[in-house]
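Visitor: I'm new to this one, and I'd like a close look at a single part of it. Could you start there and then walk me outward?

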Amino acid sequence: MLMTFAAAKKFISRRIKYLLRNPTPPTTTAPFAGPVVVLGSAPTSHKPLGLDSTYRIISVNASQLALQSWGIDAPDITLMGYNEIEGINKSAVETRRVLGGKRTGSLYVLAWRHGRERLQAGLEEFGYRCTEAHIIDRYQRIALLHQVSGQLNLELDADTKCSNGVIAVLFALYNGATAVILSGINPNSTGHVYNSANLERKHVRMDSEMLARLVRLGYPIYTADPQVAENVSLPLWQGNGQVKLG
């Protein structure tokens, strides 16, 4: 009963804050005008067919490691969780190791609460460079999911949150992507491309449900990974807007 009361109190408090703040979703400096690749950290990923300079690339956390095999030095945008900057768990430590000395275009850090100066110091600590840094707070993230999917998710616990990879998909759609192509995003996989810990992937149910919802709503979402096309029922990207149903 106590947990039920606590959950209800949290829901009411967070809903009131969301309504009072009336946040707007995060935006890019310039809207997207073509296909956007969202690169995640699943152990298997594929370079999308037709990838050229008209595509934009959004990397999630340390996923840009896979870009080396694509002949690309840096993503246009990186979305990174707040814990990756200072966290001491294995995934965060490996993220900083992999990204040390590398760069990105625009960096968006999710749910960072310590101010821009401390963020900049944290990035400098492991030598990660960006052209500009943005902080996305919880309520902007809620607004992003709400406006794109029509679903109000107040992120009351870890099980009801979407992963940063799916947040990147929503971000791309909101900012005008003509198609969003997932690579290295597989809700059913375990492990990460940038470490060998084989950590269990979080947010599996919510990610699968949200991707299915977005497809039902008619958004142009595809995958470059044949196994994901088969298992998650996303259309397989064939380049030039041509798709093959999984």
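Visitor: Which residues form one aromatic cluster with Phe32?

Guide: Happy to show you around, and keep in mind that this is a predicted model. The residues you're after are Tyr108 and Phe171, which form one aromatic cluster together with Phe32. A search of the whole structure turns up five aromatic pairs. In one of them, the ring centres of Phe32 and Phe171 are 6.4 Å apart and the planes sit at 75°, so this pair is edge-to-face. Phe32 is in the loop between helix 1 (2-21) and strand 1 (35-39), while Phe171 belongs to helix 6, so the pair ties together parts 139 residues apart in sequence. Both rings are tucked away: Phe32 is buried at a relative accessible area of 5%, and Phe171 is buried at 1%.

Let's stay with helix 6 for a moment. This helix spans residues 164-174, and 10 of its 11 residues are buried, so it is largely enclosed by the rest of the structure. Besides Phe171, the buried ones include Asn164, Val166, Ile167, Leu170 and Leu173. After helix 6 comes Gly176, with a positive phi near 95°.

Now step to the other side of helix 6, into the loop that runs between helix 5 (138-149) and helix 6, where you'll find Glu155. Glu155 isn't a glycine, yet its phi is positive, about 55°. Glu155 is also buried, with a relative accessible area of 7%. On top of that, Glu155 is linked with Arg138 and Arg141 in a network of salt bridges.

That brings us to charged pairs. Side chains of opposite charge can pair when their charged atoms come close. The structure holds seven salt bridges. Take Arg103 and Asp73, whose side chains meet at 2.8 Å, N to O. This pair links distant parts of the chain, with Arg103 in strand 4 (residues 103-110) and Asp73 in the loop between strand 2 (56-60) and strand 3 (77-81), 30 residues apart. Arg103 is partly exposed, at a relative accessible area of 36%, whereas Asp73 counts as exposed, at 56%.

Another salt bridge joins Glu86 to Arg118, with their closest N and O atoms 2.8 Å apart. Here the partners come from two helices: Glu86 from helix 2 (residues 83-86) and Arg118 from helix 4 (residues 116-125), so the pair ties together parts 32 residues apart in sequence. Glu86 is partly exposed at 35% relative accessibility, and Arg118 is partly exposed at 40%.

For a more local case, look at Arg205 and Glu209, which meet in a salt bridge at 3.2 Å, N to O. They both lie in helix 7 (residues 204-216), four residues apart, or about one turn of the helix. Arg205 is partly exposed at 46% relative accessibility, and Glu209 is partly exposed with a relative accessible area of 41%.

Then there's a charged residue without such a partner. Arg96, in helix 3 (residues 90-99), is buried yet has no salt bridge, and the nearest side chain of opposite charge, Glu84, is 6.4 Å away. Leaving aside residues up to four places away in sequence, Arg96 touches Asn83, Glu84, Ile85, Glu86, Gly87 and Phe126. You met Glu86 a moment ago, in its salt bridge with Arg118.

Two stops remain toward the end of the chain. Tyr222 is buried, and so is Trp237. Ser233 lies in the loop between helix 8 (226-231) and strand 8 (236-237). Ser233 has a positive phi, near 60°, though it is a residue other than glycine. Unlike the buried Glu155, Ser233 is exposed, with a relative accessible area of 58%.

Finally, step back for the whole view. The protein's secondary structure comes to eight helices and nine strands. Of its 246 residues, 50% are buried. Among contacts with a separation of 6 or more, 69% are between residues 24 or more positions apart. The accessible surface is about 12100 Å², and 51% of that belongs to carbon and sulfur atoms.

How values were computed: Residues are numbered from 1 along each chain as its sequence is written. This is a predicted model: local features need pLDDT of at least 70, side-chain atom pairs count only at pLDDT 80 or more; totals for chains, interfaces and linings use all residues. Side-chain values use heavy atoms; hydrogens and water are left out. A salt bridge is a side-chain nitrogen of Lys or Arg within 4 Å of a carboxyl oxygen of Asp or Glu. Buried means under 20% relative accessible area, exposed over 50%, partly exposed in between (1.4 Å probe, protein chains only). Lys and Arg count as positive and Asp and Glu as negative; His and the chain ends are not counted. Contact means heavy atoms within 4.5 Å. Accessible areas come from the Shrake-Rupley method with a 1.4 Å probe; for residues, only the protein chains shown count as cover. Rings of Phe, Tyr and Trp (its six-membered ring) pair if their centres lie within 6.5 Å; planes under 30 degrees apart count as stacked, over 60 as edge-to-face and the rest as tilted.
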